[in-house]
Amino acid sequence: MPAAGKIAAFPVETAYGLVADAANQSAFHRTSVTKEKLTMEAKVLIIMGSDSDYPVLEETAKVLKQFGVPFAMHVSSAHRSPRKTEELVSGAADRGIQVFIAAAGVAAHLPGVVAAGTTLPVIGVPMGGGALNGVDALYSIVQMPGGIPVASMAIGKSGAKNAGILAVQILALSDQELAKKLLSYREQMAAEVERKDRELQELLKSV
Ligand code: RP5
């Protein structure tokens, strides 16, 4: 059988299984698997302090997926698993990562610790909840000492969404296609506002 035939006959489920096994054996260099492509190099690495942060970070994932930006996502804590965090950060640039997004709540040191270990841009997302409802995390992330910047977003879901968009904006500096997608995203938003305003004007006629 010609090589191309062999590849075509190779069961896709088996391939997914092999990649999943490889991912488990090398958790810090995971290969993303999507329906469209078996392998894709992640350009954005999202690290969250706890799995309890995921419902918020889902907003980031949605944005990156919408723009077609490959990403990897891990749970790792600055306090509970410092060694894993260090391993995730070190060598990330060599693995093709261009931007970090780090999210944490309460004493949110994760984005700062990530920033300390890389010269890649780091976007920090403060999680809500906790006794101070996210203000603690915001202050922890935004008050970085001079020399080690973290681009801090708003608390919670809007911050998580904007983290994704900012990561896309950074990548778009060297990617014309992404830059075009960003322009069209803005145009769609403006059109949506126009539509809502028209609806409001209609509603006001009957008040
Ligand atoms: C932080 O502590 C995490 O980022 C999370 O926001 C918060 C609470 O974590 P869990 O106790 O829910 O694991 O490190």
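Q: Two residues count as in contact if their C-beta atoms, placed from the backbone, lie within 7 Å; what share of the contacts in the protein with a separation of 6 or more comes from residues 24 or more positions apart?
A: This is a predicted model, in which local features need pLDDT of at least 70, side-chain atom pairs count only at pLDDT 80 or more, and totals for chains, interfaces and linings use all residues. Residues are numbered from 1 along each chain as its sequence is written. Among contacts with a separation of 6 or more, the share from residues 24 or more positions apart is 66%.

Q: Which pattern do the helices and strands follow along the sequence?
A: Helices (H or I, at least four residues) and strands (E, at least two) are DSSP runs, numbered from the N terminus. The protein has eight helices and five strands. Read in sequence order, they give α-α-β-α-β-α-β-α-β-α-β-α-α.

Q: Is Val106 buried, partly exposed or exposed?
A: Val106 sits in the loop between β3 (99-104) and α5 (110-116), and its phi is positive, near 45°. A residue is buried if 20 or more other C-beta atoms, placed from the backbone, lie within 10 Å of its own, exposed if 12 or fewer, and partly exposed in between. Because Val106 has 18 C-beta neighbours inside 10 Å, it counts as partly exposed.

Q: Which residue in the loop between β4 (122-126) and α6 (135-142) has a positive phi of about 50° although it is not a glycine?
A: Most residues other than glycine have a negative phi. The residue in question has 14 other C-beta atoms within 10 Å, so it is partly exposed. The loop residue with this positive phi is Asn133.
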